[in-house]
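The following exercises are to be worked through with the sequence and the structure at hand. Each task is followed by a solution in steps.

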Amino acid sequence: MNRPTGSVTVLLFASAREAVGRGELAWPIPPGGLTAAALVAAIGAKFPRLRPTLATCRFVRNGGYLDDLETRLRPGDEFAVHPPYGGG
Amino acid sequence: MSVRLTDEPLRVDAAMRELEGPGLGGVTLFAGRVRPDRGPGGRVVALLYEAHEPLATRALRAIETEARRRFRTDRVVLWHRVGRLRVGEVAVIVGAACSHRAAAFDAARFLIERLKVAVPIWKTERARPVRRPRPRPGPSAGRSRGSGRARRPAAGRSRAG
């Protein structure tokens, strides 16, 4: 049986949150594991309105910016989607 | 505190007090307020500011540290508000106190420009649709169609600061 092996928490801000309709998702990790790139592709497939935003985003794993999207995510990780910043 | 991320109103006089110090003859303060711009959704009535904490505070502190080193001052203010802000409310205050004006101006510009690109803070517009008045019927009504008088609201984004 292909049961998930835990999940990551996806945090969505601003335009990303508005495209999805909520600010947090619990995303299951499939048995073969999950890279950041695979997660981004999967949430883009599930929420087509999010796709244009994703192309402009930075990604943060457990408080640190991700340079390598081939990073494998672990159960309990926090994965944040950051659209371009707009303070001020 | 010289770095602040808060849902409380920001006060320019409090920021000014934060920048007091002996020999600091040049003080520059910048305050950014919510403007009533027109966007695709209508006239902006408020902006919703949000931040990813604790990353945002960490980024503000890094900018503060860099500004102190680069402009040789101990007096820096880097304050940002979060939550729903109505038109006219202050969203951000940055400031620096230095011995002379040139460094104070440079430091304040550095603070706001870095804040805009390096701190995970976002704003989302809350707009009210703008009703366009119907053209009055009259002798020239037929000819005026398409004359460009009843223009669509200009597309744009609201900015504070």
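## Exercise 1: The architecture of chain A

The secondary structure of chain A comes to three helices and five strands. The model is a predicted one. Describe the order of the elements in chain A and the sheet that its strands form.

**Solution.**

Step 1. Read from the N terminus, chain A follows the pattern β-α-β-α-α-β-β-β.

Step 2. The strands form an open sheet of five strands with mixed pairing, in the order E2-E1-E5-E3-E4 of chain A. The edges are E2 and E4 (64-65) of chain A, each of which pairs on one side only.

Step 3. Strand E5 (residues 78-82) of chain A stands between E1 and E3 in the sheet order. With strand E1 (residues 7-12) of chain A, E5(A) pairs in the parallel sense over four bridges. With strand E3 (residues 58-61) of chain A, E5(A) pairs in the antiparallel sense, also over four bridges.

Step 4. Individual residues can now be placed. A:Val81 in E5(A) has A:Leu12 opposite, and A:Phe59 also stands opposite A:Val81. The bridge partner of A:Leu11 in E5(A) is A:Ala80.

Step 5. Four of the five residues of E5(A) are buried, and the strand is thus mostly covered.

## Exercise 2: The two sides of a helix

List the buried residues of helix H2 (residues 36-46) of chain A and explain why they line one face of the helix.

**Solution.**

Step 1. The buried residues of H2(A) are A:Ala36, A:Leu39, A:Val40, A:Ile43 and A:Gly44.

Step 2. Viewed down the axis of H2(A), these buried residues fall within an arc of 130°, and therefore they line one face of the helix.

Step 3. A general rule helps here: an α-helix has 3.6 residues a turn, so residues three or four places apart point the same way.

Step 4. The exposed residues A:Ala45 and A:Lys46 are carried on the face of H2(A) turned away from its buried side.

Step 5. The packing partners of the buried residues of H2(A) are E1, E2 (24-28), helix H3 (51-54), E3 and E5 of chain A.

## Exercise 3: An enclosed strand in chain B

Determine how strand E5 (residues 75-81) of chain B is paired and why it is described as largely enclosed.

**Solution.**

Step 1. Chain B contains four helices and eight strands. Their order from the N terminus is β-α-β-β-β-α-β-β-β-α-β-α.

Step 2. E5(B) pairs with strand E1 (residues 3-6) of chain B in the parallel sense over four bridges. Within this pairing, B:Leu5 has B:His80 as its bridge partner in E5(B).

Step 3. E5(B) is also joined by six bridges to strand E7 (residues 90-98) of chain B, and these two strands run antiparallel. Here B:Trp79 has B:Ile93 in E7(B) as its bridge partner.

Step 4. Six of the seven residues of E5(B) are buried, so the strand is largely enclosed by the rest of the structure.

## Exercise 4: Nonpolar cores

Identify the residues with the most contacts inside the largest nonpolar core and the elements that contribute to this core.

**Solution.**

Step 1. The largest nonpolar core has 28 residues, and B:Leu78, B:Leu111 and B:Val119 have the most contacts inside it.

Step 2. Two or more residues of this core come from each of E1, E4 (42-51), helix H2 (55-71), E5, E7 and helix H3 (101-118) of chain B.

Step 3. Leaving aside residues up to four places away in sequence, B:Leu78 touches several residues, among them B:Leu60, B:Ile63, B:Ile93, B:Leu111 and B:Leu115.

Step 4. A second, separate core has 23 residues, including A:Val8, A:Leu12, A:Ala19 and A:Val20.

## Exercise 5: Values for each chain, and confidence

Tabulate burial, contacts and accessible surface for both chains, and then locate a stretch of chain B with a pLDDT below 50.

**Solution.**

Step 1. The table sets out the values for each chain.

| Property | Chain A | Chain B |
|---|---|---|
| Buried residues | 47% of 88 | 42% of 161 |
| Share of contacts with a separation of 6 or more that join residues 24 or more positions apart | 55% | 80% |
| Accessible surface | about 4,600 Å² | about 9,900 Å² |
| Part of that surface on carbon and sulfur atoms | 51% | 49% |

Step 2. The average pLDDT of chain B is 85, and 83% of its residues score at least 70. Over residues 141-159 of chain B, however, the pLDDT is below 50. Beyond near neighbours in sequence, this stretch has 23 contacts in the model.

Step 3. Where pLDDT is low, the predicted coordinates should not be read in detail.

How values were computed: Residues are numbered from 1 along each chain as its sequence is written. Chains are lettered from A and ligands numbered from 1 in the order in which they are written. This is a predicted model: local features need pLDDT of at least 70, side-chain atom pairs count only at pLDDT 80 or more; totals for chains, interfaces and linings use all residues. Side-chain values use heavy atoms; hydrogens and water are left out. pLDDT is the predictor's confidence in each residue, from 0 to 100. Contact means heavy atoms within 4.5 Å. Buried means under 20% relative accessible area, exposed over 50%, partly exposed in between (1.4 Å probe, protein chains only). Two strands pair if DSSP finds at least two bridges between them. A nonpolar core is a set of buried Ala, Val, Leu, Ile, Met, Phe, Trp, Tyr and Cys residues joined through side-chain atoms within 4.5 Å. Accessible areas come from the Shrake-Rupley method with a 1.4 Å probe; for residues, only the protein chains shown count as cover. The arc is that of the directions from the helix axis to the C-beta atoms.
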